[in-house]
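Trainee: I have a structure open and would like to learn how to read the surroundings of its ligand. Could you walk me through them?

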Amino acid sequence: MNTEIIKQRGMVLLGCGKMGSAMLQGWLNTGIPTRAVWVQDPHPSEWLQGLDGLNLNAGLPENPAIVLIAVKPQMMQSALPVLRPMGNGSTLFLTVAAGTSIATYETALGAQTPIIRAMPNTPAAIGQGITTLIGNANSTPADMQLAEGLLAAVGQTVRLTSEAQIDAVTGVSGSGPAYVFHLIETLASAGVAQGLPKELAMQLAKATVAGAGALAMASDQTPGQLRENVTSPNGTTAAALQVLMDSETGFPTLLNRAVSAATKRSKELG
Ligand SMILES: NC(=O)c1ccc[n+]([C@@H]2O[C@H](COP(=O)([O-])OP(=O)(O)OC[C@H]3O[C@@H](n4cnc5c(N)ncnc54)[C@H](OP(=O)(O)O)[C@@H]3O)[C@@H](O)[C@H]2O)c1
C-alpha cells in the first residue's frame with residue numbers, strides 16, 4: 001500500500017468506535033504513524049486517548065489524503081457538515097456506514113467529491129474481515145487502490161459491480177458474524193440439552209465453528225463436498241442434517257428469511 005500519501009497529507013477518522021478502532025489498529029500496525037491520523041469522536045476510548053502523537057479531536061487538516069466515515073447511520077446528518085470543507089477536492093472519502101447511499105454523501109459533501117462506500121464486518125478486529133467496495137464516478141483507480149490497500153490491513157477486499165449489491169452484502173457478510181455467533185450459542189445450548197456441562201458445550205461449539213470455517217477457507221473442496229465427506233449414510237451427521245436441511249423448517253428457509261430481513265432493513269435505512 002502507498003502509505004506515503006497518508007504520511008504527507010494525513011488521514012481523518014470521523015467516528016472511532018468498534019469499527020473505526022479495528023481499522024485504525026490495523027493501519028497503525030502497517031506503519032501509518034499516529035501523527036498522520038486525526039480522529040474526531042465525542043467520547044474517545046481509553047485506547048485512543050493513550051495513542052501517543054494522535055491528533056484527537058484537534059483541528060482538522062485542510063487536504064487530507066483520506067477521510068474514513070465510521071459513525072452510525074443515525075448520526076450521519078449531524079456528523080457530515082464538519083467534513084464539507086474537504087469535499088469537492090482530492091480528498092477521498094471512504095465510508096463504512098450501513099444503509100447510507102453514495103448520493104447522500106454527494107449531497108452533503110459536494111457532487112465532485114470522490115467517495116468509496118465499503119461494507120466491512122467485525123472480524124476486521126482480528127484482521128479476518130471481508131470488505132466490499134464500490135466507488136462513485138469521481139473516484140479514480142488510484143483512489144480505489146488506496147482504499148483497497150487500507151482495507152486489506154483488516155482482511156479480504158472485494159469490488160462490487162453496483163451499489164445496489166451492498167444491501168444483500170450487508171445481509172450476508174456485514175451482519176453475518178452475528179448469525180454465526182448465534183449459531184455458536186444455540187449449538188452450545190443444544191449440547192447442554194443433551195447433558196453436557198455448559199462450559200464444555202461452549203468450548204466444543206466455538207472450536208467447531210472456528211475449525212469448520214478455517215477448513216472451508218483452506219480447502220480446495222466446496223463447503224458442500226466438505227459436508228458430504230463427513231456424512232456417512234445413516235450415520236449421526238446424516239441424522240442431524242436431515243433436520244437442518246429440511247426444506248420447510250431447516251437452514252435454507254431460515255437463512256433465506258434472515259438474510260432477506262437484513263437486506264430489506266438495509267434498503268429501508270438507505
Ligand atoms: N460493527 C459492525 O459490525 C459494522 C459492520 C459494518 C459496518 N459498520 C458500520 O460502521 C459504522 C460504525 O459502527 P460501530 O459499530 O463502529 O459503531 P460505534 O462503536 O457506535 O462507533 C461510532 C462512533 O462514532 C461516534 N460518533 C457519534 N457521533 C459522532 C460525530 N458527530 N462525530 C464523530 N464521531 C461521532 C460515536 O460516539 P458515541 O458513542 O459517543 O456516540 C462512536 O464512538 C456504522 O455506520 C456501521 O453501520 C459496522
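Mentor: Gladly! Start with residue classes: Ala, Val, Leu, Ile, Met, Phe, Trp, Tyr, Cys and Pro count as nonpolar, Asp, Glu, Lys and Arg as charged, and the others, Gly among them, as polar. Here, the shell around the ligand holds 14 nonpolar, 5 polar and 3 charged residues. This is a predicted model, where local features need pLDDT of at least 70, side-chain atom pairs count only at pLDDT 80 or more, and totals for chains, interfaces and linings use all residues. Residues are numbered from 1 along each chain as its sequence is written, and side-chain values use heavy atoms, leaving out hydrogens and water.

Trainee: Which residues come nearest to the ligand?

Mentor: A residue is near a molecule if one of its heavy atoms lies within 4 Å of it. Of the 22 around this ligand, M19, D41, H43, V71 and A98 come nearest.

Trainee: Which side chain has an N or O atom 2.6 Å from a ligand oxygen?

Mentor: For polar contacts with a ligand, look for N or O pairs within 3.5 Å. The side chain of D41 has such an atom, 2.6 Å from a ligand oxygen. From the backbone, V71 places an N or O atom 2.6 Å from a ligand oxygen, and a polar backbone atom of G17 is 3.5 Å from one.

Methods. A polar contact is a pair of N or O atoms within 3.5 Å; within protein, one must be able to donate a hydrogen and the other to accept it, and residues adjacent in sequence count only if both atoms are side-chain atoms.
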